[in-house]
Amino acid sequence: MTVRLVDGVTIVLEGQCEIDDADPLLRHLLAAPHATVDWRLCQGAHTAIIQILLASKAVVHGLPDSIFLQRNVAPLVKKAQD
Amino acid sequence: MNEFVEQFLLEARELVEQATDDLLALEEKPGDSERLDSAFRAFHTLKGAAGIVDFAAMTRAMHAAEDVLSAIRTGANPVTPRLIGDCLTCLDQVIQWLDAMQVSGGELPPDAEAGADAILRRFGEESRVGGPVALLALPQQAPVSWVEAMLDGHPEAAAEASTAIRYSPDPGCFFRGEDPLGLIAQLPGIVALDLLPVAPWPELDALDPFACHLVLMVLISGSAEQAATLLHQVLDQVEIRPLRVATGGVEGDPGLSAAARKLLEAQLLLLAEDVAEGAAGRLASAGKVAANVLRHGGKMAEAERLERHLSHSQTAGDPRILATAIEAALNGRLLAGAPDDVGPAPRLPEETAARALRVDVERVDALVTLTGELTIAKNAISHMAGLAQDGMDPKALAALLKQHHVQLDRLVDELQQSVLRIRVLPLNHVFRRFPRLVRDMAASLGRPARLVTEGEATEADKAIVEALFEPLLHVLRNAISHGIETASERAALGKPPVATVHLRATRDGEHVIIEVADDGRGIDLERIREVAMERGVAQAETLAAMTEAEVMDLIFAPGFSTATAVTGLSGRGVGMDAVRMAVDRLGGRVGIESRPGEGTLVRFTLPLTLMMTAVMTVEAGGQLFGIPLDAVVQTVSVPHDRILPVGASHAFVLRDRTIPLLELAEVLGQGRTMTPAAEAKVVVAAVRGGLGGLEVDRLGERMNVMLRPLDGLLTSLWGVAGTTLLGDGRVLIVLDLEEIFR
Amino acid sequence: MTYKVLVVDDSKLARMVVAKALSTGHPDWMKAEAANAAEAMDLASRSPFDAALLDFNMPGQDGLHLAAELRALYPRMALGLLSANHQVEIVSRAHEVGATFLPKPLAQQDLSDFLAKAVQLKAATR
């Protein structure tokens, strides 16, 4: 499983997050609006996942485990937070 | 050669033929959109085929032609002879490549890239910004503010960026299994990425996670081409903008030194001088200096090109041609090829004989049936052998054998005919090459002419069809260069400015008739008489006694034609005598008719197949000869006292006609071996419109033989039409009566 | 489980390429070939196919029109439109008839992706 709500306050993204992880992610964020997203173990994310992160302005923790995401996507997600 | 390459070679040739046909038709009727589409499709398919066998150079070349035709389809460019010519030249190159691959067993021609480069230059490739990008719908008028915004927003990245891409995925793309971000991640050399919502984000609980609301914008250091390739499946949602325009200069071009530039500029000033006096000298001098400057700067190829432009400038008497070339050199642009640049030579008519035959299924089926019947006949023989062994009455056995022989005879006949039918090809096979060649010849000889072909579907034996190419080409060339008047002459005569040459084929019984007819000036009999006397072909007295038809026929006489003009097209000087010889060798005849001021007609009469010839065998001087039965009128015994000497030879009277008589043994240089009988055995034959008699020692039987035309050393053998192998292994020489009675 | 794909292209060479890609990579797929739209419709009307690979550039009826006709006959059939020209209009028109655009020469990967989708489609619509 690639999207998990852990201890009620952290949503962990792990491994390759695909389109079917989008809905769970969204529901977790709706259920726990102050949760942070820990994506340090995330190796890849479908557009839908990143879209949700941007739209929700979720607070993201750490850097993802993918060069592409680190270099190109993380800055955008971080920017959206503000 | 693997099956793909084999199929490639086969299909490519057909496509080239189709494209040639379409291009020529399009030239006649520029508005014919069907032809335009068909030509476009042909080049397109050729491009695809080249891709399949990994022939990159050919792909490039076909792509260039495709673009040119595409521009015509959209109405951006008109159909011009130059353009048609360039496309045809492109096809010439393809044929050269295909021929090379055929010979090399499927290896790509090593110098193909250079050929493709030449083609691209011809099409003016350097003004474009590189391949597939041109096909993308680069929005012409739309503001490129997003590009500017990207560049402004990422200044550090802007320096390295070569291409900007904007990807607006369909909202429903996730359902197609697409992942836009994943796709973008694969682009080469990403230096900047922006993800923007198409509309302000809604509240999170109103967000549809399965719809794509993003626009992705990327700057990459990779090329637009690379981006297009990667994004091929979603091109309709993507905008790709190259950020660097390709300079015309060659990469790593060292450029010209300041001194060199000054010198070139000085030549331009020289050429700009408007004084008529000394213009030629200035032109020559400017060209020489400019070429030397380039050579000194290490630009050998450029220098050569410039010199060609110089000579062109000199012939045209226009210094601007050279000036343009010098300017191009100054600007570091590749000089476009000069008009007489060595492109691929016009396809020499050396087409290797087709190795493959397309055969009608029915013809093969007929063979299958025959095989069955032959098997039955064969079995019958073994049955008869059994009967013989069992001591069957010889007379009865002989009767049975005769019966089966008759049957076998019929079957072998049928078999022969069927096999020959398979070898039969429509004349289109050789006719189709001519429209293009006529176009080229007319252009190079300055005589506008068009070729109209008829009866291309008429069939003849493969060997004959293929052997007809050279003779027909020569006759056509003659028609265009000598037969047709200049455009102004024709206008003065009230003839249409473009001459028409008809190439017609019809079937006439067991013969195929091919006619080459032009509407030119016809044959000048006086001129023929003059030339004949000049060349020693005929004396004045003989000429005076000749009919007009006979005088015209002198054109085919050996020694009549000059055969000094070697043309690039046929590669060697050939005269009409060679044409006649070639046709004779095929077992046919060629003749010429003409009406002064109206035109000339050359008629080829050819056998339908390398047929069975019915011959009558005769013995003379101890040797066996065959006389074509269709020439034999009758055989007759003539008492020796009825043979009268006439001049140096003999004649006899038959039914009130005086018939010249030749002794075959003597004519062929054999002495008589048999004591002359009281009566001479004479074969009366129809020869050259009259009758002739051949005295022989013995008359033999009739038989059908497969006449093999003479080849190799035997070709020059006088009096012989061909040979055939007899059942007992002897060679039967079949006589050419026309030659014997000449 | 075997599947059937209809391969339509006026170039025999191009059909050979697809045939090879199928036989090497997808032994579970049977193929039928047609050289033009008329032949294709004839074959398709006789028995159903799970997918079709259509060349865009054909004389007479082009692949796009053929795709539309096939789509009308078999609303759920996976359609692939092949072309060497990555022209935008072709790509978007392909999408309009619900066909996937596949560039020529056909790459093994693209074929695999396409066939995989066809299998999924067949499973989903059963």
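In this predicted model, a good place to start is a pair of helices in chain B, where D86(B), T89(B), C90(B), Q93(B) and W97(B) of α4(B) come into contact with A112(B), G115(B), I119(B) and R122(B) of α5(B). By class, the residues of this contact comprise four nonpolar, three polar and two charged. Two packed helices are described by the angle between their axes and the distance between the axes. Here, α4 (residues 81-104) and α5 (residues 112-122) of chain B pack at about 175°, and their axes lie 10 Å apart. Because of that angle, α4(B) is roughly antiparallel to α5(B).

Earlier in chain B comes helix α2, which spans residues 33-52 and contains H44(B). This histidine carries an annotation: the unreviewed UniProt entry places the feature "modified residue: Phosphohistidine" at H44(B). Is H44(B) buried or exposed? H44(B) counts as buried, because it has 23 C-beta neighbours inside 10 Å and the cut-off for a buried residue is 20 or more. Setting aside neighbours within four places in sequence, the contacts of H44(B) are E66(B) from its own chain, together with N57(C) and A84(C) from chain C.

Following α2 of chain B, the loop between α2 and α3 (56-73) holds D54(B). Most residues other than glycine have a negative phi, and most peptide bonds are trans. D54(B), which is not a glycine, has a positive phi near 60°. With 11 other C-beta atoms within 10 Å, D54(B) is exposed, since the exposed class takes in residues with 12 or fewer.

Much further along chain B, six strands make up an open sheet of mixed pairing, in the order β14-β18-β19-β17-β16-β15. At its edges are β14 (632-639) and β15 (644-646) of chain B, each of which pairs on one side only. On average, neighbouring strands of the sheet are turned by 40° against each other, direction ignored.

Within this sheet, β16 (residues 649-654) and β17 (residues 657-663) of chain B pair in the antiparallel sense over five bridges. One of the bridge partnerships links L654(B) with R657(B) in β17(B). Together β16(B) and β17(B) form a hairpin with two residues between them. R655(B) lies in that loop, between β16 and β17 of chain B, and its phi is near 50°, a positive value in a residue other than glycine. What makes R655(B) count as exposed? R655(B) has 6 other C-beta atoms within 10 Å, so it falls in the exposed class.

Strand β17(B) also pairs with β19 (residues 690-696) of chain B, and these two strands run parallel, joined by three bridges. In this pairing, L661(B) has G693(B) in β19(B) as its bridge partner.

Turning from chain B itself to its contact with chain A, 18 residues from chain A and 18 residues from chain B take part. On the side of chain A that touches chain B, at least two residues come from each of α1 (22-31), α2 (47-56) and α3 (67-81) of chain A. Which helix gives the most to this side of chain A? That is α2(A), with eight residues. By class, the side of chain A that touches chain B has 12 nonpolar, five polar and one charged residues.

How values were computed. Residues numbered from 1 in each chain as written. Chains lettered and ligands numbered in written order. Predicted model: local features only at pLDDT ≥ 70, side-chain atom pairs only at ≥ 80, totals over all residues. Contact = placed C-beta atoms within 7 Å. Helix = DSSP H or I, 4+ residues; strand = E, 2+ residues; numbered from the N terminus. Nonpolar A, V, L, I, M, F, W, Y, C, P; charged D, E, K, R; others polar. Axes fitted to C-alpha atoms, helices over the stretch in contact; angles between N-to-C directions. Parallel < 35°, antiparallel > 145°, perpendicular 65-115°, else oblique. UniProt positions renumbered as here; feature names shortened; annotations may be inferred. Pairing = 2+ DSSP bridges.
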